[in-house]
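Student: I would like to learn how the words used for a protein structure are justified. Could we look at one together and ask, each time, what the word rests on?

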Amino acid sequence: MAFVELEVAGSTEVYAYPGILPRARELCDRVRLGTHVALRYSRPGDPEIWSVAIEGQPFIDTQEAESWRRLNGWTGIALGVLFLIGGVMTWRRYGFYQNF
């Protein structure tokens, strides 16, 4: 699941709950039309969700959201380094002008 879109009645703003945050499927199952959802987001215009409460019960808090975003960033860096090392090793083995 890439993200969950939350729309607020009477507003044109769409709040995306990204798939990098935990329990996106559970959020879909728990939120229905008319459910009271409290959101904390980063900025208007292109909001980024940092905490969610459903019917007054915390679903995800800012610390949990920050740790998942940080983990996602480190995972991206690790994958980038692995691909870079793989590319350098391939370059050294076969060279630029060699056929694979």
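Tutor: Let us begin with Leu27, which touches Val4, Tyr17, Val52, Ile54 and Phe59 when residues up to four places away in sequence are not counted. Please keep in mind throughout that this is a predicted model.

Student: What makes something a contact of Leu27?

Tutor: A contact requires heavy atoms within 4.5 Å, and Val4, Tyr17, Val52, Ile54 and Phe59 are the residues that Leu27 touches in this sense.

Student: Which residues have the most contacts inside the largest nonpolar core?

Tutor: They are Tyr17, Leu27, Val52, Phe59 and Ile60, in a core that has 14 residues. Strand E1 (3–7), strand E2 (14–18), H1, strand E4 (49–54) and strand E5 (57–60) each supply at least two residues of this core, and the largest share, three residues, comes from E4. As a general background, nonpolar side chains in soluble globular proteins tend to be buried together.

Student: Why is Arg69 called buried?

Tutor: Buried means under 20% relative accessible area, and Arg69 has 15%, so Arg69 is called buried. Arg69 is found in helix H2, and, leaving out residues up to four places away in sequence, it touches Pro18, Ile20, Leu21, Glu48, Ile49 and Trp50.

Student: How many of the residues of the chain count as buried by that rule?

Tutor: Of the 100 residues of the chain, 20% count as buried.

Student: Why is the pair of Arg70 and Glu66 called a salt bridge?

Tutor: The term asks for a side-chain nitrogen of Lys or Arg within 4 Å of a carboxyl oxygen of Asp or Glu. For Arg70 and Glu66 the distance from N to O is 2.9 Å, so the pair meets the cut-off and is called a salt bridge. Both residues lie in helix H2 (residues 62–94), where they are four residues apart, about one turn of the helix. In general, side chains of opposite charge can pair when their charged atoms come close.

Student: Are Arg70 and Glu66 buried or exposed, or what else would you call them?

Tutor: Both are called partly exposed, because this term covers values between under 20% for buried and over 50% for exposed, and Arg70 has a relative accessible area of 48%, while Glu66 has 36%.

Student: How do you know that Glu26 forms a salt bridge with Arg30?

Tutor: The closest N and O atoms of Glu26 and Arg30 are 3.5 Å apart, and this lies within 4 Å, so the pair qualifies as a salt bridge. Glu26 and Arg30 are separated by about one helical turn because they are four residues apart in helix H1 (residues 24–30). The side chains of Arg23 and Glu26 also meet in a salt bridge, with 3.6 Å from N to O.

Student: Which residues are linked in a network of salt bridges?

Tutor: The network links Arg23, Glu26, Arg30 and Glu64, and the structure as a whole holds four salt bridges. Arg23, at 32% relative accessibility, counts as partly exposed, as do Glu26 at 31% and Arg30 at 36%.

Student: Why is one side of E3 and of E5 left without a neighbour in the sheet?

Tutor: Three strands form an open sheet in the order E3-E4-E5, with antiparallel pairing. Strand E3 (37–41) and E5 stand at the edges, each with a single partner strand, so one side of each has no neighbour in the sheet. From one strand to the next, the twist averages 25°.

Student: What makes E4 and E5 a pair of strands?

Tutor: Pairing needs at least two bridges, and three bridges join E4 to E5, so these antiparallel strands count as paired. The bridge partner of Val52 in E5 is Ile60. H2 packs on the sheet, touching E3, E4 and E5, and its direction makes about 135° with that of E4.

Student: How do you know that the chain does not have the radius of gyration of a compact globule?

Tutor: A compact globule of 100 residues would have a radius of gyration near 13 Å, but the chain has 20 Å. Along its principal axes, the C-alpha trace of the chain spans about 65 × 25 × 25 Å.

Notes:
Residues numbered from 1 in each chain as written. Predicted model: local features only at pLDDT ≥ 70, side-chain atom pairs only at ≥ 80, totals over all residues. Heavy atoms only, no water. Buried < 20%, exposed > 50% of the residue type's maximum accessible area, 1.4 Å probe, protein only. Core = buried A, V, L, I, M, F, W, Y, C linked by side-chain atoms within 4.5 Å. Axes fitted to C-alpha atoms, helices over the stretch in contact; angles between N-to-C directions. Rg over C-alpha atoms; globule rule 2.2 N^0.38 Å.
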